[in-house]
Amino acid sequence: MSEDQDATIVYERGAEVVEETVPNKHLVYFQDHWVLHAGEDDDGVRVRRIPRERVQYVERSVGEFGDEVSTLKNRAQTLADDLRDRLLGEGETHESHDEEEPTHINVADK
């Protein structure tokens, strides 16, 4: 697939419905938002985040479907990581140590 293929997104911006056509590589789905490359300025790249609830539809080449599946997989991993952080506490991770020896505690009768 050629990177110069376009994607079209139609979304609500205030009271109006906007249709924008951009190169496929400038439109991604991340964290329940469509992220659209909006230009560059002295501070760097500017993006427009459009909540999925405001998007009416997106048209893009089928070749981008693999990227969408990858995005969904990454989103699921992010949600799983967030859930693990909430359940285990910030910064803690649960790692399986199959090769780790069990801890033995000697209890002597008095």
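I began with the secondary structure of this predicted model. I counted 6 strands and 1 helix in the protein. I then followed the order from the N terminus and read β-β-β-β-β-β-α.

**Strands β3 and β4**

I looked up how strand β3, residues 27-30, and strand β4, residues 33-41, pair. The two run antiparallel and share 4 bridges. For one residue I noted the partner: Y29 is bridged to W34 in β4. I next examined the link of this hairpin, where 2 residues lie between β3 and β4. In this hairpin I recorded a positive phi near 50 degrees for Q31.

**Strands β4 and β5**

I turned to the pairing of β4 with strand β5, which covers residues 44-51. This pair is likewise antiparallel, and I noted 8 bridges joining the two strands. As one partner pair I entered G39 with R46, the latter in β5. I also noted that β4 and β5 make a hairpin, again with 2 residues between the strands. Strand β4 thus appears in my notes as a partner of β3 and of β5.

**Burial, surface and contacts**

I checked burial over the whole protein. Of its 110 residues, 21% are buried. For the surface I entered an exposed area of about 8900 Å², with carbon and sulfur atoms supplying 48% of that area.

Last, I looked up the contacts between residues at least 6 apart in sequence. Of these, 36% join residues at least 24 apart.

Notes: Residues numbered from 1 in each chain as written. Predicted model: local features only at pLDDT ≥ 70, side-chain atom pairs only at ≥ 80, totals over all residues. Heavy atoms only, no water. Buried < 20%, exposed > 50% of the residue type's maximum accessible area, 1.4 Å probe, protein only. Contact = heavy atoms within 4.5 Å. Areas by Shrake-Rupley, 256 points an atom, 1.4 Å probe, with all protein chains shown as cover. Pairing = 2+ DSSP bridges.
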